[in-house]
Amino acid sequence: MAENKVTLARLAAHVAGRLEGPDHTEIAGIAELQLAGPAELSFLINEHHLEAAKTTKAAAVLISDSLAPVSLPMVWVSDVPEAINLALELFAKPLKPTPGIHPSALIAPDATLGTDVAIGPCVVVEDGTTVGDGSVIQAGCYLGRDCLVGQQCCFAPGVIVADRSQIGNRVVLGQNVVIGSEGFGYRCRDGQQCHVPHLGAVRIGDDVEIGAGTCVDRAKFGFTVIGRGTKIDNLVTIAHNVRLGEYCLIAAQTGIAGSAVVGDRVVFGGQVGVRDNITVADGVVAAARTAIHHDLPPGAIVFGVPALERRQALREQAVLRRLPHWPARIKKLEQRLTDLESAADHCQRD
Amino acid sequence: MAENKVTLARLAAHVAGRLEGPDHTEIAGIAELQLAGPAELSFLINEHHLEAAKTTKAAAVLISDSLAPVSLPMVWVSDVPEAINLALELFAKPLKPTPGIHPSALIAPDATLGTDVAIGPCVVVEDGTTVGDGSVIQAGCYLGRDCLVGQQCCFAPGVIVADRSQIGNRVVLGQNVVIGSEGFGYRCRDGQQCHVPHLGAVRIGDDVEIGAGTCVDRAKFGFTVIGRGTKIDNLVTIAHNVRLGEYCLIAAQTGIAGSAVVGDRVVFGGQVGVRDNITVADGVVAAARTAIHHDLPPGAIVFGVPALERRQALREQAVLRRLPHWPARIKKLEQRLTDLESAADHCQRD
Amino acid sequence: MAENKVTLARLAAHVAGRLEGPDHTEIAGIAELQLAGPAELSFLINEHHLEAAKTTKAAAVLISDSLAPVSLPMVWVSDVPEAINLALELFAKPLKPTPGIHPSALIAPDATLGTDVAIGPCVVVEDGTTVGDGSVIQAGCYLGRDCLVGQQCCFAPGVIVADRSQIGNRVVLGQNVVIGSEGFGYRCRDGQQCHVPHLGAVRIGDDVEIGAGTCVDRAKFGFTVIGRGTKIDNLVTIAHNVRLGEYCLIAAQTGIAGSAVVGDRVVFGGQVGVRDNITVADGVVAAARTAIHHDLPPGAIVFGVPALERRQALREQAVLRRLPHWPARIKKLEQRLTDLESAADHCQRD
């Protein structure tokens with residue numbers, strides 16, 4: 001990415017902030033106060049930033065409504081982190097490669113490339129595969145046979161797409177993503193594990209984005225499905241025949257086992273695990289490191305191993321923290337009881 | 001994979017089912033009832049499938065012995081999922097690439113290729129390496145120096161095999177598998193971590209299958225060993241000098257630390273961790289997410305962090321679930337005791 | 001790696017051991033007693049090794065001070081595993097490739113290569129990128145635009161370095177490492193997740209080593225930073241804007257979430273997770289599988305989910321192990337109390 005130059009006036013409008021400073025100053029890029037150069041924007045979120053603001057070289061700052069003014073051009077906003085995200089959208093100028101096929105790429109005679117497709121060096125596209133208009137396939141990617149790749153997709157270097165994969169429009173695949181890897185399905189025959197042939201494939205909806213090193217296995221038959229708009233982080237593994245819904249957010253190193261069904265708008269923190277053949281309903285939120293062993297109802301908010309409803313998990317954890325004090329407490333109870341019993345014994349004998 | 005056409009009679013024989021329908025109908029492929037086309041097989045596992053069976057276009061169905069007949073050609077079986085696996089074996093027709101070396105591949109003059117070897121585009125094979133008869137090395141694979149690759153192996157695109165690796169026959173490596181990565185072994189010298197040179201290599205037995213993105217580190221000296229017939233899923237890491245036994249099943253995202261010894265026929269669920277320098281005996285089964293910190297005896301069935309024997313873990317978990325009710329219970333005990341004590345005190349004073 | 005030949009005298013001096021045997025015997029390599037050949041070194045750590053020592057073919061052994069002598073040339077040392085590490089340093093002879101650019105490599109006209117750089121087959125180096133003197137870029141690596149790669153670096157096959165990455169001197173990257181992958185940062189707009197452009201990059205200090213398949217995301221703005229001398233294992237993911245300190249050891253499959261700050265000389269076991277936006281101070285040690293949800297003070301030694309101070313975690317775990325015996329104990333207390341209460345009741349009525 002390179003960075004666009006933007007006037008302060010345009011910036012303020014885009015982040016819905018109030019500009020106190022010169023309209024026409026041009027800025028490009030954003031940096032912390034100590035690091036910002038004279039053409040860059042910086043930001044003040046809380047009082048901790050006030051000291052550095054005195055010596056920053058930044059051209060202007062995004063500043064929280066809750067702070068006192070500083071002696072720099074300011075764009076006042078209520079939510080500085082959100083304003084930073086918006087500013088980044090303005091500055092971003094994706095390096096769109098010139099369409100064309102690098103001479104080192106190997107495009108099978110029976111492959112079909114749309115208009116304005118950019119194919120990088122050492123890319124291989126096998127027979128029967130179609131790449132839609134405007135898609136960018138970067139260096140070293142491998143597209144197997146009979147794949148469908150939609151329009152305006154962007155595959156980072158090293159992506160591997162196995163035969164018969166179906167990939168929607170505007171799909172972004174990170175470095176070394178694997179689509180259509182062999183499913184991990186075996187059956188025992190004469191005491192040995194025999195691989196069950198996986199004749200299915202993978203189907204990925206529009207606007208899906210997948211992080212570096214993530215693997216999506218193909219189905220035994222039919223499709224492993226990733227729904228439209230779902231975003232997946234790095235080093236996730238999605239097993240054969242999983243159906244992952246639309247507009248989900250799946251953080252890094254999560255694993256979803258075979259034939260699990262995950263609904264729409266589900267959010268998983270990092271390192272979550274989902275057991276095979278279960279159903280996680282729409283809108284479920286699972287904290288990082290949750291292990292989901294059972295079906296979960298719509299909207300459940302869970303964490304723990306196994307996944308518990310959030311309130312229950314918090315209660316258990318609170319009790320657990322106090323647990324080391326209990327043995328003494330119970331021992332004392334037992335002692336008091338023994339004392340009472342012997343007293344009562346006396347009493348009765350009296 | 002493409003799909004073979006198979007007659008219903010042959011299908012029924014192969015899945016050991018009883019055919020009720022025309023012998024000679026040809027089918028290719030399997031699909032769910034709603035999705036099956038007129039040349040495909042579908043299946044009925046339970047009553048939930050009865051409704052969809054009325055409108056399916058499938059040519060025939062695998063149907064559970066426990067169900068009432070439907071008005072379609074049927075193959076009766078006792079275990080439908082197992083019959084599906086068997087049917088997939090019939091339908092599977094692996095796309096065996098034509099033997100030969102792609103012109104873009106770089107084969108060192110001192111490498112040795114067996115007969116009927118297929119080498120894909122952009123593959124690199126370094127000096128001193130041998131690839132056995134009938135093996136398939138797909139696009140972009142890299143085989144270092146002095147490696148031995150057996151017969152009938154299949155390496156998916158992007159596999160990287162480091163120098164001196166020894167790989168048996170019929171070994172299947174998934175996309176981006178790394179064999180022989182540097183071991184993570186350091187020693188502290190003058191307060192800094194110095195890498196210990198790893199002069200060893202990796203030895204992989206016959207019929208091993210390894211999933212996409214998995215890494216197997218080479219040994220400090222000697223070999224990191226993966227025994228014959230062992231199957232490993234995606235994104236697993238196996239550290240230097242691990243000895244993993246024969247016919248194991250290791251699910252995704254598991255990590256096995258340095259010099260751990262894992263016996264034969266061991267089964268690990270996903271995201272398991274094994275500590276360095278411990279021994280997991282033959283036949284151990286560890287549920288997903290288990291952390292194995294200590295040696296485990298033969299046949300142990302464990303889960304949890306740290307790994308506990310299954311029955312103990314279940315008992316602890318059951319108690320844990322009731323734990324939030326205990327503080328009130330103990331408090332009540334204490335109150336009753338206090339009441340009694342003051343009554344007793346009264347009594348004695350009386 | 002090949003192996004150097006070394007005399008026993010030089011070996012003894014290097015490992016600071018006492019030689020009992022011929023000075024000039026040459027050895028190359030190290031192996032277990034049963035496997036060692038007549039030109040190899042072996043070792044005796046404890047009495048379990050005494051039996052195998054009787055039949056070994058090894059030329060000499062490293063032997064622990066605590067053992068009785070054997071009838072082989074011996075190098076006495078106090079710490080055998082450490083002596084093995086030192087011996088490996090002597091034997092190691094890295095296969096340094098001849099400098100030069102493989103004819104299949106694609107070096108952009110505007111890229112700058114230092115002296116004695118070795119570029120392997122199918123490597124791509126884009127415009128504006130500099131590779132320092134003596135660095136080795138192995139087969140199939142991809143270096144994006146405007147990257148800085150220092151001197152004496154070694155990138156294993158399949159490494160992908162995204163645009164604008166800054167990499168120090170003597171950095172070692174394992175197979176399929178990804179530097180500068182897209183950050184996983186979204187903001188919700190009209191109910192859909194919109195990717196926040198990540199205009200930043202990655203900066204990696206001198207002497208960093210990173211294991212196979214690990215991914216380091218680039219920053220939203222500024223840099224994701226990995227400090228000098230830090231060593232990272234396989235399949236780790238480091239999110240956007242993380243600042244990881246100097247001389248850390250990060251074991252396999254660990255994940256560090258966005259904008260987390262990790263201090264110097266921190267040690268993480270395998271499969272650790274660190275939450276976003278928290279601070280882990282210098283010298284923290286987290287056991288394998290720890291989930292760090294909160295800031296940790298300098299030197300804290302933690303484990304568990306969530307991370308607890310080691311002593312507390314051990315205490316909780318010990319209590320937890322006894323927990324299944326408690327319900328019976330509490331039930332008995334309640335019974336005794338009931339008995340006493342009814343006795344007291346009697347007593348009062350009497």
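The buried residues of helix α3(A) are A:Val80, A:Ala83, A:Ile84, A:Asn85, A:Leu86, A:Ala87, A:Leu88, A:Leu90 and A:Phe91. Because 9 of the 12 residues of α3(A) are buried, the helix is largely enclosed by the rest of the structure. The model described here is a predicted one.

The length of this helix can be checked with simple arithmetic. Helix α3 of chain A covers residues 80-91, and at 1.5 Å a residue its 12 residues should span 16 Å. The end C-alpha atoms of α3(A) are 16 Å apart, so the expected span and the model agree.

Chain A is divided into domain 1, residues 2-93, and domain 2, residues 101-310. Taken over C-alpha atoms, the centres of domain 1 and domain 2 of chain A are separated by 38 Å.

**How the chains are related**

Two copies of a chain are related by a rotation about an axis and a shift along it. Chain A can be laid on chain B by a turn of 120° and a shift of 0.0 Å along the axis, with an RMSD of 0.1 Å. That is the relation of a three-fold axis. For chain B laid on chain C, the turn is 120°, the shift along the axis is 0.0 Å and the RMSD is 0.1 Å.

**Where the chains touch**

The contact between chains A and B takes 45 residues from chain A and 53 residues from chain B. On the side of chain A that touches chain B, the elements giving two or more residues are β22 (178-181), β23 (186-189), β24 (192-195), α4 (310-322) and α5 (326-349) of chain A. The largest share of that side, 9 residues, comes from α5(A).

Between chains B and C, 44 residues of chain B are in contact with 53 residues of chain C. Two or more residues each come from β22 (178-181), β23 (186-189), β24 (192-195), α4 (310-322) and α5 (326-349) of chain B. Here α5(B) gives the most to the side of chain B that touches chain C, with 8 residues.

The table gives the residues of these two sides by class.

| Side | Nonpolar | Polar | Charged |
|---|---|---|---|
| Chain A, touching chain B | 25 residues | 12 residues | 8 residues |
| Chain B, touching chain C | 24 residues | 12 residues | 8 residues |

**Nonpolar cores**

In soluble globular proteins, nonpolar side chains tend to be buried together. The largest nonpolar core in this model has 332 residues, and those that touch the most other members are A:Leu62, A:Val75, A:Ala87, B:Leu62, B:Ala87, C:Leu62 and C:Ala87. Not counting residues up to four places away in sequence, C:Ala87 touches C:Leu11, C:Val15, C:Ile30, C:Leu41 and C:Leu62. Another core, of 9 residues, lies apart from the largest one and has among its members A:Leu333, A:Leu337, B:Leu333 and C:Leu333.

**One residue in chain C**

C:Val216 is found in strand β27 of chain C, residues 215-217. This residue counts as buried because it has 31 C-beta neighbours inside 10 Å, and the cut-off for a buried residue is 20 or more. Leaving aside neighbours within four places in sequence, C:Val216 is in contact with C:Ile179, C:Gly180, C:Val202, C:Thr224, C:Ile226 and C:Ile238. C:Asn241 lies 25 residues from C:Val216 along the chain, and the C-alpha atoms of the two are separated by 9.7 Å.

Definitions and conventions. Residues are numbered from 1 along each chain as its sequence is written. Chains are lettered from A and ligands numbered from 1 in the order in which they are written. This is a predicted model: local features need pLDDT of at least 70, side-chain atom pairs count only at pLDDT 80 or more; totals for chains, interfaces and linings use all residues. Domain bounds come from an automatic or database domain assignment. Helices (H or I, at least four residues) and strands (E, at least two) are DSSP runs, numbered from the N terminus. The expected span of a helix is 1.5 Å times one less than its number of residues. Two residues are in contact if their C-beta atoms, placed from the backbone, lie within 7 Å. Ala, Val, Leu, Ile, Met, Phe, Trp, Tyr, Cys and Pro count as nonpolar, Asp, Glu, Lys and Arg as charged, and the others, Gly among them, as polar. Copies are superposed by least squares on the C-alpha atoms of residues with pLDDT of at least 70 in both. A nonpolar core is a set of buried Ala, Val, Leu, Ile, Met, Phe, Trp, Tyr and Cys residues joined through C-beta atoms within 7 Å.
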